[in-house]
Amino acid sequence: MYNKEIETLPLDKLRKLQNERLTNLVERVYTKVPFYKKQFDEAGLKTSDIKGVLDLHKIPFTKKTDLRDNYPFDMFAVPMDDVVRIHASSGTTGRPTVVGYNSHDLGVFDEVVARSLVAGGATSKMKMHNAYGYGLFTGGLGIHSGATKLGMAVVPISGGMTERQLMLLQDFQPEVICCTPSYAQTLGEEMQKRGITHDDINLKYAILGAEPWTEAIRTQVEGLLNVTATNIYGLSEIIGPGVSQEDYEEKGTGSYIWEDHFYPEIVDRDTGEPLPYGKEGVLVFTTLTKEALPIMRYWTNDICSIDYDSGAKRTHIKMSSIKGRSDDMLIIRGVNLFHTQVEALLEGMEHLAPCYQLIVTREGTMDRVKLNIEITKELQDNIDGDLANNDTIKNLTGKLSKKIKDNIGLSMKVELMACDTIPRSAGGKLSRIVDCRELG
Ligand code: ADP
């Protein structure tokens, strides 16, 4: 274990620590973040009403839209002078969700990632092939910095360029790989195609996350890469990867939530009422120690259950794998995508009707998105013959694909369609998303 004292802290002591941290947090957010002062005042809540985690249910939720409404920095609880890093992830429209860290927060981030890596099987003596994307996403830098803290030799390869990744896996002989489960599948399959065998690499542990995956994917990746694969979970609003992690000797029993830093609740997706341990609902987190962007009761939209595991090595609560989302966020190759982001890009583009559908499929291990969008009646009336061979249509298609790639960072096939050709449901409703992927 990376921090045995904390990771095995008896529950009564853990609760005491959480309660102290929570009361301190409540004072801080009330005095430093106008959003929380307003939220408390409107709910008729005084900071003294929150004496511990059992009072948390009195506090309203914070949602992704609240971060967007306070874009970019109005949720920060420290002056910008104190902030040392800013990350961002996709929001529901063009605007990303912005998160900030001061040095104390980066210390917490390193600590929870280091704990996670050790739980996943890594040690300071090993080399880590970090194929999470570096950049605005928290994945790459977050894992990198925690692995450095642990004392690993980190190879910051980032995502993509599979050929190069395969070369370095053979030449550098890293014992640990971190990436999305789908990229681990891709690497494994590409290895097979090229005749690279288990003897050519030295991987032992794969720590995989940033998107939902299943036991079937685990079995496949473990076979392809000759590793023990564990789950790492996180979200930028709470800190990034390392909010929870599965232990390599307790696979399939859930991922430990580092609850001395992130207090979890499961609530009913419709009523918001807290649910008992073991029941599935929306996962909600309160960041007990973060300073630059403390968050109270963050509604993650991720559906899972939480429970203590008395037979486990650590005392912290475990969460099940993520069963789905309570909003319509898609995760495509580890990138968050809301259909509203695409919709926002349609504004100001001539000849396109607001009738569109995103079709998500999985080809092999790769998620693909296709945008079907109808043209306006006016344009259609001016076109003779086949849409596919028309120059205006071809131009428009190219323009829209490029706009999507430039703004969202995802390549997707775009098809312009005749009016009223995208199927509507019986009530005339057009589903914005058709997800045909079958996990596993
Ligand atoms: P990241 O940049 O690490 O993807 P984001 O904040 O952009 O972080 O996205 C976080 C979301 O990604 C989570 O709310 C969850 O839906 C999904 N996610 C992250 N890790 C996992 C995981 N291990 N299993 C399932 N979903 C995950």
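This section describes the surroundings of the ligand, the aromatic pairs and a selection of individual residues in a predicted model.

The ligand is surrounded by 20 residues, among which Asn231, Ile232, Ser236, Asp302 and Asn336 come nearest. By residue class, the shell around the ligand divides into 8 nonpolar, 8 polar and 4 charged residues. Strand 7, which spans residues 228-235, supplies the largest share of this shell, with 5 residues. The shell is nevertheless drawn from two domains, since at least three residues come from domain 1 (1-323) and at least three from domain 2 (330-435).

Several polar atoms of the protein lie beside polar atoms of the ligand. For Ile232 the atom concerned belongs to the backbone, a backbone N or O atom being placed 2.7 Å from a nitrogen atom of the ligand. For Asp302 the side chain is involved, with one of its polar atoms 2.6 Å from an oxygen atom of the ligand. The side chain of Arg325 likewise places an N or O atom 3.1 Å from an oxygen atom of the ligand. Taken alone, the ligand would expose 550 Å², and of that area the protein buries 96%.

Attention is turned next to the aromatic side chains, which form 8 aromatic pairs in the structure. In one of these, the ring centres of Phe35 and Tyr36 are 4.9 Å apart and the ring planes meet at 80 degrees, so the arrangement is edge-to-face; angles over 60 degrees are assigned to that class. Both Phe35 and Tyr36 are buried. A further pair is made by Tyr205 and Tyr248, whose ring centres are separated by 5.3 Å and whose planes stand at 80 degrees, so this pair too is edge-to-face. Tyr205 lies in strand 6 (residues 205-209), whereas Tyr248 belongs to the loop between strand 8 (240-246) and strand 9 (255-257), and the pair therefore ties together parts that are 43 residues apart in sequence. The two partners can also be described by their accessibility: Tyr205 counts as buried because its relative accessibility is 15%, which falls under the 20% limit for that class, while Tyr248, with a relative accessible area of 27%, is partly exposed.

Polar contacts between side chains were examined at two further positions. Asp367 is placed in strand 19, which covers residues 366-375, and its relative accessibility of 1% makes it a buried residue. The side chain of Asp367 is joined to that of Arg362 by a polar contact of 2.8 Å. Thr186, in turn, is part of helix 8 (residues 181-193) and counts as buried at 13% relative accessibility. A polar contact of 2.8 Å joins the side chain of Thr186 to that of Thr365.

The loop between helix 4 (64-69) and strand 1 (83-89) contains Val78, and this loop is also the place of Pro72. The peptide bond leading from Tyr71 into Pro72 is cis, its omega angle being near -15 degrees. Val78 counts as buried, with a relative accessibility of 16%. Although Val78 and Pro294 are 216 residues apart in sequence, their C-alpha atoms are 9.8 Å apart in space.

Backbone geometry is also notable at Met161 and His351, neither of which is a glycine: Met161 has a positive phi of about 50 degrees, and His351 has a positive phi of about 70 degrees. Met161 is located in the loop between strand 4 (153-155) and helix 7 (162-172), where it is exposed, with a relative accessible area of 51%. His351 is found in the loop between helix 10 (339-346) and strand 18 (352-363), and with a relative accessible area of 29% His351 is partly exposed.

Note on methods: Residues are numbered from 1 along each chain as its sequence is written. Side-chain values use heavy atoms; hydrogens and water are left out. A residue is near a molecule or strand if one of its heavy atoms lies within 4 Å of it. A polar contact is a pair of N or O atoms within 3.5 Å; within protein, one must be able to donate a hydrogen and the other to accept it, and residues adjacent in sequence count only if both atoms are side-chain atoms. Accessible areas come from the Shrake-Rupley method with a 1.4 Å probe; for residues, only the protein chains shown count as cover. Helices (H or I, at least four residues) and strands (E, at least two) are DSSP runs, numbered from the N terminus. Ala, Val, Leu, Ile, Met, Phe, Trp, Tyr, Cys and Pro count as nonpolar, Asp, Glu, Lys and Arg as charged, and the others, Gly among them, as polar. Domain bounds come from an automatic or database domain assignment. Rings of Phe, Tyr and Trp (its six-membered ring) pair if their centres lie within 6.5 Å; planes under 30 degrees apart count as stacked, over 60 as edge-to-face and the rest as tilted. Buried means under 20% relative accessible area, exposed over 50%, partly exposed in between (1.4 Å probe, protein chains only).
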